[in-house]
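Trainee: I've got a model open on my screen and I'd like to learn to read it. Can we go through it together?

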Amino acid sequence: MRVCLFAYYNPDVRLAPHTRHLLSQIASCGFTIHIAASGLSDATAQLLRDDLANPAAPIPAAVHPRPNTGLDFGAWQFLLSKGYADNATEILFTNDSVFGPLLPLRPIMNRMGEKKFQVWGMVRSEAVVSHLQSWFLCMTHDALHHPAIQRIFNQPFNDMTKDEIVLHGELGLGLAIKASGLSTGASWGSTRGLARLLSLNPMHADWRTVLRSGNAPFIKTELLRDNPSGIASIHLWRAEIPDPTFFNPDWIAAYLASTPPRNRSGRASL
């Protein structure tokens with residue numbers, strides 16, 4: 001059984017079209033989806049459930065409200081503590097921090113599945129330490145329950161600052177995966193390019209290279225909304241949408257028009 005643990009944060013309970021698209025693509029790959037809805041009350045979570053059940057485009061997903069603490073790792077920890085991945089053979093950790101997939105997800109999932117990795121991610125980053133970016137990360141049941149991985153997910157993320165979560169969560173997980181000896185891979189990774197040279201986030205510094213490869217057809221919302229690294233090319237994003245009939249670029253434009261830039265306390269992947 002495939003299970004997706006989805007970290008979601010949006011005070012507006014109406015599901016953004018690009019997030020609905022992502023969830024639909026995940027569901028099309030055979031995943032049972034559990035959404036950790038951070039910061040939503042039981043009443044507002046029900047509104048989100050109703051939105052997901054919209055007969056015009058229903059998304060089969062369970063919604064679990066929780067306090068808005070611990071960022072993504074706190075959300076995933078919450079879902080794990082409830083046992084939603086206990087019987088899963090494959091667990092996908094992901095979140096609502098991306099636009100995409102801009103191309104169908106199933107071929108990527110099939111290609112990576114054929115390689116039989118115990119852990120794989122959509123993108124490998126060399127920022128600080130080599131690691132798989134946590135916004136899209138797959139593990140087998142045995143990998144998730146390896147003691148080195150369990151030590152990461154058993155940390156008190158709800159008591160940590162954002163910087164601590166990045167250090168002990170995403171980067172710590174990269175080190176734990178390496179120490180565990182588990183077989184790993186990435187749909188996209190490179191030892192060349194600006195991101196590798198300067199140890200920057202490739203989803204920012206090399207965003208067009210990553211996107212044009214077809215191996216990781218996503219754009220980070222943070223890049224277009226906040227541009228924390230000052231990337232000069234982001235105004236060209238619309239021209240980089242490979243198939244506007246599959247992913248409508250107006251979804252991005254609407255999000256950017258309605259969502260103000262965030263300060264550094266927001267989510268960021270290395």
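Mentor: Sure, and let's settle one term before we start: rings of Phe, Tyr and Trp count as a pair if their centres lie within 6.5 Å. Keep in mind that this is a predicted model.

Trainee: Fine. Which residues form one aromatic cluster?

Mentor: Start from the pairs: the structure holds 11 aromatic pairs. Some of the rings group together, and one aromatic cluster is made up of Phe73, Trp76, Phe93, Phe153 and Phe157.

Trainee: Let's pick Trp76 and Phe93. What is the angle between their planes?

Mentor: A ring pair is described by the distance of the centres and the angle of the planes. For Trp76 and Phe93 the centres are 5.6 Å apart. Planes over 60 degrees apart count as edge-to-face, and this pair is edge-to-face, with an angle of 75°.

Trainee: How many residues apart in sequence are the parts that this pair ties together?

Mentor: Look at where each ring sits. Trp76 belongs to helix α3 (residues 71–81) and Phe93 to strand β4 (residues 90–95), so the pair links parts of the chain. Both Trp76 and Phe93 are buried. The separation in sequence is 17 residues.

Trainee: Is strand β4 largely enclosed or largely open?

Mentor: Side chains in a regular strand alternate between the two faces of the sheet. In β4, Glu90, Leu92 and Thr94 point one way while Ile91, Phe93 and Asn95 point the other way, and all are buried. With 6 of its 6 residues buried, β4 is therefore largely enclosed by the rest of the structure.

Trainee: Which residue stands opposite Leu92 in β8?

Mentor: Let's go through the strand partners of β4. Strand β1 (residues 2–8) pairs with β4 in the parallel sense over 6 bridges, and there Val3 stands opposite Ile91. Strand β8 (residues 136–140) runs antiparallel to β4, joined by 5 bridges. Opposite Leu92 in β8 you'll find Cys138.

Trainee: Now helix α1. Is Gln25 buried or exposed?

Mentor: Gln25 is found in helix α1 (residues 17–28). Leaving out residues up to four places away in sequence, Gln25 touches Pro101, Leu103, Pro104, Leu105 and Phe246. The cut-off for buried is under 20% relative accessible area. Gln25 comes in at 12%, so that makes it buried.

Trainee: Which element gives the largest share of the largest nonpolar core?

Mentor: In soluble globular proteins, nonpolar side chains tend to be buried together. The largest nonpolar core here has 36 residues, and Phe6, Ile26, Met122 and Phe136 touch the most other members. Several elements each supply at least two residues, including β1, α1, β2 (31–38) and β8. The largest share, 4 residues, is from β2.

Trainee: How many residues are in the other core that lies apart from it?

Mentor: Ile91, Leu137, Ile152 and Met160 are among the members of that other core. Its count of residues is 31.

Trainee: Last one: which element gives the most to the lining of the largest pocket?

Mentor: The largest pocket holds about 510 Å³ of space. Of the 24 residues that line it, Asn10, Ala16, Tyr255, Ser258 and Thr259 are the closest to its centre. The helices α1, α11 (221–225) and α12 (249–258) each supply at least two residues of the lining. The most, 4 residues, comes from α12.

Notes
Residues are numbered from 1 along each chain as its sequence is written. This is a predicted model: local features need pLDDT of at least 70, side-chain atom pairs count only at pLDDT 80 or more; totals for chains, interfaces and linings use all residues. Side-chain values use heavy atoms; hydrogens and water are left out. Rings of Phe, Tyr and Trp (its six-membered ring) pair if their centres lie within 6.5 Å; planes under 30 degrees apart count as stacked, over 60 as edge-to-face and the rest as tilted. Buried means under 20% relative accessible area, exposed over 50%, partly exposed in between (1.4 Å probe, protein chains only). Two strands pair if DSSP finds at least two bridges between them. Contact means heavy atoms within 4.5 Å. A nonpolar core is a set of buried Ala, Val, Leu, Ile, Met, Phe, Trp, Tyr and Cys residues joined through side-chain atoms within 4.5 Å. On a 1 Å grid over the protein atoms alone, a cavity is a set of points where a 1.4 Å probe fits but cannot get out, and a pocket is an open set with protein on both sides within 12 Å along at least five of seven lines; lining residues have an atom within 4 Å of a point. Grid points are joined across faces, edges and corners, and a volume is the space filled by probe spheres set on the points.
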